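Subject: Structure handover

Hello,

Here is the structure I promised you. Please open it next to this email and follow along.

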Amino acid sequence: MTTGKLLAVSDLHVAYPENRQIVQRLRPESGEDWLLVAGDVGERVADIEWALRTLRDRFAVVVWAPGNHELWTPRDDPVQLRGEQRYRHLVELCRQIGVVTPEDPYLVWDGDGGPVTVAPLFLLYDYTFRPPGTSTKEEGLAYAYETGIVCTDEVLLHPDPYPTRDAWCRARVAETEARLAAVGGAPTVLVNHFPLVREPTRILRYPEFAQWCGTELTADWHIRFNAVAAVYGHLHIPRTTHHDGVRFEEVSLGYPREWRRRGAVPDPVRQILPHGILPHG
């Protein structure tokens, strides 16, 4: 039985020098600490590799679930793979450096608060978190373009070989649902870049952005799959909420302009298990 802690962070965005310095300073408290990384490490493959390799060299186990930014194909990235090919390339990179991905067997945390199955998820979104007053994807997107609040994914996140991002999402949901069902009711920690339920998005400054933040297909997963905690990022609003009695942890670092507003340079890592002391340390 490990005596370490199960920790989590997301949205490191290491292309920003200030965020890169924060990653350089991150250290576990013990050699048995695990770190869950819930996506948006960076956009360029070299940056993603640097950050995950740095963390893997320090933590006993690093578990990664991709965000939308890792799936972008920026023009300045020497790796110009798109869509599914880009995701699979990142999975292989993680395997080479010893980082656990959504394509690997789920690990079991047997430390304090366990045993729990740690399940990194790659699900995307399907535009079902629609803006008020809209009832279809087309209406929701039209409203977003009218207001000027449009996610960069529409330009840089390619769904190849799927026809659309929502088609890719539905395929990922079906595949992941079957894997989680096979866990057989054991307690889980679900790690996904996007919130599994819509409620956390209701405090967004621009509600039309919610359509790039998840899918209604996962609205009951925290109950169905016996989650003791659901870890996510993407919203850049770090906080703890509870839905149907299940703890949801938004663990984003976010952009420097965001974390500076909250005060001192943050320690972005959140303690998931054992539950009780939420900040790292």
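Start with a cavity. Pro102, Tyr106, Pro120, Leu121, Phe122, Arg172, Glu175, Thr176 and Arg179 line the largest cavity. Keep in mind that this is a predicted model. The volume of this largest cavity is about 40 Å³. Which helix gives the largest share of its lining? Helix H6, residues 165-181, does, with 4 residues. By class, the lining has 5 nonpolar, 1 polar and 3 charged residues.

How many cavities of 30 Å³ or more does a search of the whole structure find? The search finds 2. The second largest has a volume of about 30 Å³. Pro66, Gly67, Asn68, Leu71, Leu121, Phe122, Leu123, Leu124, Asn192, His193 and Phe194 line this second cavity. Its lining divides into 7 nonpolar and 4 polar residues, with no charged ones. Look for Leu121 and Phe122 in both places. They line the largest cavity, and they also line the second largest.

Stay on Leu124 for a moment. This residue is part of the second cavity's lining. Leu124 sits in the loop between S5 and helix H4 (137-147). Its phi is near 65°, a positive value in a residue other than glycine. Most residues other than glycine have a negative phi. That is a good reason to click on this one.

Next, the largest pocket. Its volume is about 730 Å³. The pocket is lined by 22 residues. Which of them lie nearest its centre? They are Phe209, Leu235, His236, Arg257 and Glu258. The whole lining splits into 10 nonpolar, 5 polar and 7 charged residues.

Now the sheets.

One open sheet has 6 strands, in the order S4-S5-S6-S7-S9-S8. Its pairing is mixed. Which strands stand at the edges? S4 and strand S8 (239-243) do, and each pairs on one side only. Neighbouring strands of this sheet are turned by 25° against each other on average, direction ignored. At the S4 end, S4 and S5 pair in the antiparallel sense over 3 bridges. To find this pairing on screen, look for Trp109, which stands opposite Val116 in S5.

The loop between strand S4 (107-109) and strand S5 (116-120) holds Pro115. The peptide bond that joins Gly114 to Pro115 is cis, with omega at about 5°. Most peptide bonds are trans.

Another open sheet has 4 strands, in the order S3-S2-S1-S10. The pairing here is mixed as well. Why do strand S3 (61-64) and strand S10 (270-273) each have one side without a neighbour in the sheet? They stand at the edges with a single partner strand each, so one side of each is left free of a neighbour. The twist averages 30° from one strand to the next.

Strand S1 (residues 6-9) is joined to S10 by 3 bridges, and the two run antiparallel. Ala8 stands opposite Arg270 in S10. Follow the chain past S10 and you reach Pro274, in the segment after that strand. The peptide bond from Leu273 to Pro274 is cis, with omega near -5°.

Last, two helices.

Helix H2 (residues 45-56) lies across strand S2 (34-37) and S3. Helix H2 runs at about 150° to S3. Helix H1 (residues 17-25) meets H2 too: their axes come within 9 Å and cross at roughly 25°. Why is H1 called roughly parallel to H2? Angles under 35 degrees count as roughly parallel, so a crossing of roughly 25° makes H1 roughly parallel to H2.

Which residues make this contact? From H1 come Arg20, Val23 and Gln24. From H2 come Asp47, Trp50, Thr54 and Leu55. Together the residues of the contact divide into 3 nonpolar, 2 polar and 2 charged.

A short list to check on screen:

- The cis bonds: Gly114 to Pro115, and Leu273 to Pro274.
- The positive phi: Leu124.
- The centre of the largest pocket: Phe209, Leu235, His236, Arg257 and Glu258 lie nearest to it.
- The cavities: residues to show include Tyr106 for the largest and Asn68 for the second largest.

Best wishes

Methods:
Residues numbered from 1 in each chain as written. Predicted model: local features only at pLDDT ≥ 70, side-chain atom pairs only at ≥ 80, totals over all residues. Heavy atoms only, no water. 1 Å grid on protein atoms, 1.4 Å probe; cavity = no way out; pocket = protein on both sides within 12 Å on 5 of 7 lines; lining within 4 Å. Points joined across faces, edges and corners; volume = space filled by probe spheres on them. Nonpolar A, V, L, I, M, F, W, Y, C, P; charged D, E, K, R; others polar. Pairing = 2+ DSSP bridges. Axes fitted to C-alpha atoms, helices over the stretch in contact; angles between N-to-C directions. Contact = heavy atoms within 4.5 Å. Parallel < 35°, antiparallel > 145°, perpendicular 65-115°, else oblique.
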